[in-house]
Amino acid sequence: MYTLLVVAGRAEELPGLAGSHPSVEILRASGPEEAVEKLGRNRRVDAVLILGGAEQASDAIAAIRDDNPAPPPLFVVSGGEEPPAGARAIAAGSPADLLDRIVTEIGPA
């Protein structure tokens, strides 16, 4: 079982993620501050997926790294551009595809 923290500014960016991969538990955060709080309370988070634009991703990555210099892997959906420093790019796709790619990247739980 994997635990993935999804950081998204708008609730409408999240539909389809929950339940699209049977071995992934989804936690949600609506912004950088909530992401830092959830990571502090849930040390079992295996990866973080940051949705939204480059500025939102940079803000979330900076806040997370400020609080924890060695966070779980941070993923940003990319359309081919370089991800912000400190994050890994993951190709856009369906929610199930995103989760499959993240699980493959982070390896066995």
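## Terms and model

Before looking at the cavity lining, here is how residues are classed: Ala, Val, Leu, Ile, Met, Phe, Trp, Tyr, Cys and Pro go down as nonpolar, Asp, Glu, Lys and Arg as charged, and the others, Gly among them, as polar. Keep in mind that this is a predicted model.

## The cavity

How many cavities of 30 Å³ or more are there? The count is one, and the space in the largest cavity comes to about 40 Å³. Its walls are made by Tyr2, Thr3, Leu4, Val24, Asp46, Ala47, Leu99, Ile102, Val103 and Ile106. Strand E1 (2-7) and helix H3 (95-106) are the elements that each put two or more residues into that lining.

H3 supplies the largest share, with four residues. Sorted by class, the lining holds eight nonpolar residues, one polar and one charged.

## The sheet

Now for the strands. Five of them form an open sheet in the order E2-E1-E3-E4-E5, and the pairing is parallel. The edges belong to strand E2 (24-29) and strand E5 (88-91); each has a single partner strand, so one side of each is left without a neighbour in the sheet. On average, neighbouring strands here are turned by 30 degrees against each other, ignoring direction.

Take E1 and strand E3 (residues 47-50): they run parallel and are joined by four bridges. Leu4 has Ala47 in E3 as its bridge partner, and both Leu4 and Ala47 also turn up in the lining of the largest cavity.

H3, the helix that gives that lining four residues, lies across E1, E2, E3, strand E4 (74-78) and E5. Against E5, H3 runs at about 140 degrees.

## Two helices in contact

A pair of packed helices is described by the angle between their axes and the distance between the axes. For helix H1 (residues 32-41) and helix H2 (residues 54-67), the axes come within 9 Å and cross at roughly 35 degrees. The crossing of H1 past H2 is right-handed.

Which residues meet there? From H1 come Pro32, Ala35, Val36 and Leu39, and they meet Asp59, Ala60, Ala63, Ile64 and Asp67 of H2. Split by class, this contact has seven nonpolar residues, no polar ones and two charged.

Notes
Residues are numbered from 1 along each chain as its sequence is written. This is a predicted model: local features need pLDDT of at least 70, side-chain atom pairs count only at pLDDT 80 or more; totals for chains, interfaces and linings use all residues. Side-chain values use heavy atoms; hydrogens and water are left out. On a 1 Å grid over the protein atoms alone, a cavity is a set of points where a 1.4 Å probe fits but cannot get out, and a pocket is an open set with protein on both sides within 12 Å along at least five of seven lines; lining residues have an atom within 4 Å of a point. Grid points are joined across faces, edges and corners, and a volume is the space filled by probe spheres set on the points. Axes are lines fitted to C-alpha atoms, for helices over the stretch in contact, and angles run from 0 to 180 degrees between N-to-C directions. A crossing is left-handed if the near helix is turned anticlockwise from the far one by less than a right angle, and right-handed if clockwise. Contact means heavy atoms within 4.5 Å. Two strands pair if DSSP finds at least two bridges between them.
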